[in-house]
Amino acid sequence: SQFSKLFEVKKGRIKQVLMDPFFIVGIGNIYSDEILWDSGFHPLSRVENLSGADLKKIFNSTQKILKKAIKAGGTSIEDYRKPSGEKGEYQDYTKAYHQHGKKCSKKDGGMIKRIKLGGRSAHFCSKHQKLK
């Protein structure tokens, strides 16, 4: 797929690559956490260790999460507002972002943990998000 081809020349940790606005525009800290939670990859996973099937999972999760976020009007955690002035509602649906210390909603026995990565927080499930 075109999505997989984008990754052929990329190296580094998947969370940072997804958040790179020169690589893919519009995936920030919140959505990268949610995409990786949904697709099951640890934020420290290296792009060069991901298979074509792994990238397909990430692509499918990216579409799913961004569609949900758009439908919810975006995420208003601090100052983001829709053009109408209303808050977005996606923050009410996050599964990883700002959920540290809580049990994973997949009910897999994992806990949501937070680490620092490139000066940003990364939130992930200790059980189902695999390091590659």
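Guide: Before we start, one term: a residue counts as buried when its relative accessible area is under 20%, exposed when that figure is over 50%, and partly exposed in between. Keep in mind too that this is a predicted model.

Visitor: Fair enough. How many salt bridges does the structure hold?

Guide: Lysine partners turn up in several of them, including the one Lys 10 makes with Asp 20 and the one Lys 64 makes with Asp 38. Lys 132 with Asp 54 is another. For the structure, the count of salt bridges is 5.

Visitor: Let's take Asp 38. Is it buried or exposed?

Guide: Asp 38 pairs with Lys 64, and their closest N and O atoms are 2.8 Å apart. The relative accessibility of Asp 38 is 18%. The limit for the lowest class is under 20%, so Asp 38 counts as buried.

Visitor: Which helix holds Lys 64, its partner?

Guide: Asp 38 and Lys 64 form a salt bridge. This bridge joins distant parts of the chain, 26 residues apart, with Asp 38 sitting in helix α3 and Lys 64 in helix α4. At 39% relative accessibility Lys 64 is partly exposed, and the helix you want for Lys 64 is α4.

Visitor: How many residues apart in sequence are the parts that Lys 132 and Asp 54 tie together?

Guide: The two form a salt bridge, with 2.8 Å between the closest N and O atoms. Lys 132 comes in the segment after β2 (120-125), while Asp 54 belongs to helix α4, so the bridge ties together parts whose separation in sequence is 78 residues.

Visitor: And what is the relative accessible area of Asp 54?

Guide: Its partner in the bridge is Lys 132, which is partly exposed at 36%. Asp 54 itself is buried. Its relative accessible area is 7%.

Visitor: How far apart are the closest N and O atoms of Asp 20 and Lys 10?

Guide: Asp 20 and Lys 10 form a salt bridge. It runs from loop to loop across 10 residues: Asp 20 is between α2 (14-19) and α3 (29-39), Lys 10 between α1 (2-6) and α2. Both ends are partly exposed, Asp 20 at 21% and Lys 10 at 23%. The closest N and O atoms are separated by 3.5 Å.

Visitor: Now the surface. Where does Lys 103 lie?

Guide: Lys 103 helps form a positive surface patch together with Lys 68, Lys 95 and Lys 107. Its relative accessible area is 70%, so Lys 103 is exposed. As for where, it is in the loop between α4 (52-71) and β1 (112-117).

Visitor: How far apart in space are Lys 68 and Tyr 93, C-alpha to C-alpha?

Guide: Lys 68, another member of the patch, sits in helix α4 and is partly exposed at 43%. In sequence, Lys 68 and Tyr 93 are 25 residues apart. From C-alpha to C-alpha, the distance is 8.9 Å.

Visitor: Last one, on the cysteines. How many disulfides does a search of the whole structure find?

Guide: Cys 104 and Cys 125 are both buried, at 4% and 0%. The sulfur of Cys 125 has its closest cysteine sulfur in Cys 104 at 3.7 Å, which is too far for a bond, because the cut-off is within 2.5 Å. Searching the whole structure gives a number of disulfides equal to 0.

Methods: Residues numbered from 1 in each chain as written. Predicted model: local features only at pLDDT ≥ 70, side-chain atom pairs only at ≥ 80, totals over all residues. Heavy atoms only, no water. Patch = residues over 30% accessible without salt bridge, like charges linked within 9 Å, V, L, I, M, F, W, Y side chains within 5 Å. Areas by Shrake-Rupley, 256 points an atom, 1.4 Å probe, with all protein chains shown as cover. Salt bridge = Lys/Arg side-chain N within 4 Å of Asp/Glu carboxyl O. Lys, Arg positive; Asp, Glu negative; His and termini not counted. Charge placed at Lys NZ, Arg CZ, Asp CG, Glu CD. Helix = DSSP H or I, 4+ residues; strand = E, 2+ residues; numbered from the N terminus. Buried < 20%, exposed > 50% of the residue type's maximum accessible area, 1.4 Å probe, protein only.
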